[in-house]
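Reader: I am new to this structure and would like to know what stands behind the terms used for it. Please take me through them.

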Amino acid sequence: MKDISKIAAAVKTSTTLKVDALFKQMKADGKDVVGFGAGEPDFDTPDNIKEAAYKAIREGQTKYTPVNGIPALRQAVCDRLKADCDISYNANQIVVASGAKHNIYIALQALLDPGDEVILPAPYWVTYAEAIMMAGGTPVIVSAPESADFKITKSQFEAAVTEKTKLLILNNPSNPTGMLYSKEELQALADVCLKHDLYVLSDEIYYRLLYDGRKFTSFASLGEDIKERTIIVSGVSKTYAMTGWRIGYTASSTKLAEVMSNYLSHSTSSPSTISQIAAVEALNGPQEGIDEMRKVFEERRNYLCERINAMPGVSCRKPEGAFYVMMNIEKLIGRTLGGVVINNSDDFSLAFLESGLVALVSCTGFGCDNFLRLTYAVSMEAIKEGMDRLEQFIK
């Protein structure tokens, strides 16, 4: 038989989803395992959002919608971006898809030609590199050290630009680091984009989950010139605990929105009608629940970081947003833990899961070895138990 697509064959399994699947299988097998893998809130979707979905079903709102999303949802996205980020878009600049991950895939398909280069700061969310290559592009990794809070500088960015560079991908606040670029840091990167006429895919899915009173700056808010080159990616999954509803969206130039909509029309078409109607209620309805969830996350973050930094051999920076911690295990490299010689974070992750029954995500798939990602989108009880097991495992 002839070979399958070389592009498809090169696609790797999502590290985070693989760990989460293993965790869930171990739970199903009756093992007392604690999971820090999946990036989804452990809160339930608010009742008003669920009721909007029930109502849609009862009223028969179960037919196809416009490819780029129902008008009410696209307008709700515009209103939310204006209220939260002071950016003005109109409804035909919004494209709704089946989750923010889907929006990223569609945006890269719309932007990239084979051989185009994409600047990708590391550590990065594992899907970015794969999605770039699935679109025929080449990821150009720019590593940001822990000492710089995992953020790249203007000079690093500029040094990586070539005549083939088309795009910068920026996740702010970041998965997996939880760090946040300031307005001044964003402006420095924007200056490079304008100088070299580059697009920016700004993944802002965690923008409402910030801590210690920090303020968020959207990349598109830095001026009309940079807004024209920016594709904002966001959605309702993290902020409203709606991961399984699969609704994400982009805000971009009218031309890009049209191209992405055309692409959707010949692939998945529109997302679930019922989920779209629920998302309208999420964006337009009461917002108080977000701050309540954020406060819980902040409390968990504080406890988790305090416990990690009190243990010998591991450490972490306190994240400024999202709900992840990057744990540094460099001092444990070469040691034997759980009967395994720890040569990298993959070894640690596997040994800890097998011996300590705790699931963490190795950051080798995030372009950063000797670190592991932990989510604090799990209960405080689970965090305490997991940290107790970590402490015992290291000892």
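Author: What follows is a set of questions and answers about side chains in this model, which is a predicted one.

Reader: Where should I look for the nonpolar interior?

Author: The largest nonpolar core has 76 residues. Leu108, Met327 and Phe348 have the most contacts inside this core. A second, separate core has 34 residues, among them Tyr207, Tyr240, Tyr249 and Val280.

Reader: Why is Phe348 called buried?

Author: Buried means under 20% relative accessible area. Phe348 has 0% relative accessibility, so Phe348 counts as buried.

Reader: What does Phe348 touch, not counting residues up to four places away in sequence?

Author: Phe348 touches Met327, Ile329, Leu332, Leu337, Ile342, Leu360, Leu372, Leu390 and Phe393.

Reader: What makes Phe348 and Phe393 an aromatic pair, and why is the pair called edge-to-face?

Author: Ring centres must lie within 6.5 Å to pair, and planes over 60 degrees apart count as edge-to-face. For Phe348 and Phe393 the distance is 5.5 Å centre to centre and the angle between the planes is 90°, so both conditions are met. Phe348 lies in helix 13 (residues 345-356) and Phe393 in helix 14, so the pair ties together parts that are 45 residues apart in sequence. Phe393 has a relative accessible area of 11%, so Phe393 is buried as well.

Reader: How many aromatic pairs are there by this rule?

Author: The count comes to 13 aromatic pairs. Another of them is Phe297 with Tyr376, at 6.3 Å centre to centre and 75° between the planes. That distance is within 6.5 Å and that angle is over 60 degrees, so this pair is edge-to-face. Phe297 is in helix 12, and Tyr376 is in the loop between strand 15 (371-375) and helix 14 (380-394), 79 residues apart. Phe297 and Tyr376 are both buried. Ring pairs also link Phe297 and Tyr376 into a cluster with Phe43, Tyr206, Tyr211, Phe323 and Tyr324.

Reader: How do you know that Lys227 lies over the face of Tyr89?

Author: The distance must be within 6 Å of the ring centre, and the charge within 35 degrees of the ring normal. Lys227 lies over the face of Tyr89 at 4.5 Å from the ring centre. Lys151 lies over the face of Tyr181, at 5.8 Å from the ring centre.

Reader: Why is Arg294 called buried?

Author: The cut-off for buried is under 20%. Arg294 has 15% relative accessibility, so Arg294 counts as buried. Its place is in helix 12 (residues 288-309). Not counting residues up to four places away in sequence, Arg294 touches Arg208, Leu209, Leu210 and Tyr211.

Reader: What makes the meeting of Arg294 and Glu298 a polar contact?

Author: A polar contact needs a pair of N or O atoms within 3.5 Å. The side chains of Arg294 and Glu298 are joined at 2.7 Å, which is within that limit. The side chain of Arg294 also makes a polar contact with the side chain of Asp291, at 3.0 Å. A network of salt bridges links Asp291, Arg294 and Glu298 with Asp212, Arg214, Lys295, Arg301 and Glu320.

Reader: How do you know that Lys166 forms a salt bridge with Asp113?

Author: Side chains of opposite charge can pair when their charged atoms come close. The cut-off is within 4 Å. The closest N and O atoms of Lys166 and Asp113 are 3.8 Å apart, so the pair counts as a salt bridge. Lys166 lies in strand 5 (residues 165-171) and Asp113 in the loop between helix 5 (100-111) and strand 3 (117-122), so the pair ties together parts that are 53 residues apart in sequence. The structure holds 25 salt bridges.

Reader: Why is Asp113 called partly exposed?

Author: Partly exposed lies between buried, under 20%, and exposed, over 50%. Asp113 has a relative accessible area of 45%, so Asp113 is partly exposed.

Reader: What makes Arg389 buried and Glu385 partly exposed?

Author: Arg389 has 13% relative accessibility and so counts as buried. Glu385 has a relative accessible area of 34% and so is partly exposed. Their side chains meet in a salt bridge (2.8 Å, N to O). Arg389 and Glu385 both lie in helix 14, four residues apart, about one turn of the helix.

Notes:
Residues are numbered from 1 along each chain as its sequence is written. This is a predicted model: local features need pLDDT of at least 70, side-chain atom pairs count only at pLDDT 80 or more; totals for chains, interfaces and linings use all residues. Side-chain values use heavy atoms; hydrogens and water are left out. A nonpolar core is a set of buried Ala, Val, Leu, Ile, Met, Phe, Trp, Tyr and Cys residues joined through side-chain atoms within 4.5 Å. Buried means under 20% relative accessible area, exposed over 50%, partly exposed in between (1.4 Å probe, protein chains only). Contact means heavy atoms within 4.5 Å. Helices (H or I, at least four residues) and strands (E, at least two) are DSSP runs, numbered from the N terminus. A polar contact is a pair of N or O atoms within 3.5 Å; within protein, one must be able to donate a hydrogen and the other to accept it, and residues adjacent in sequence count only if both atoms are side-chain atoms. Rings of Phe, Tyr and Trp (its six-membered ring) pair if their centres lie within 6.5 Å; planes under 30 degrees apart count as stacked, over 60 as edge-to-face and the rest as tilted.
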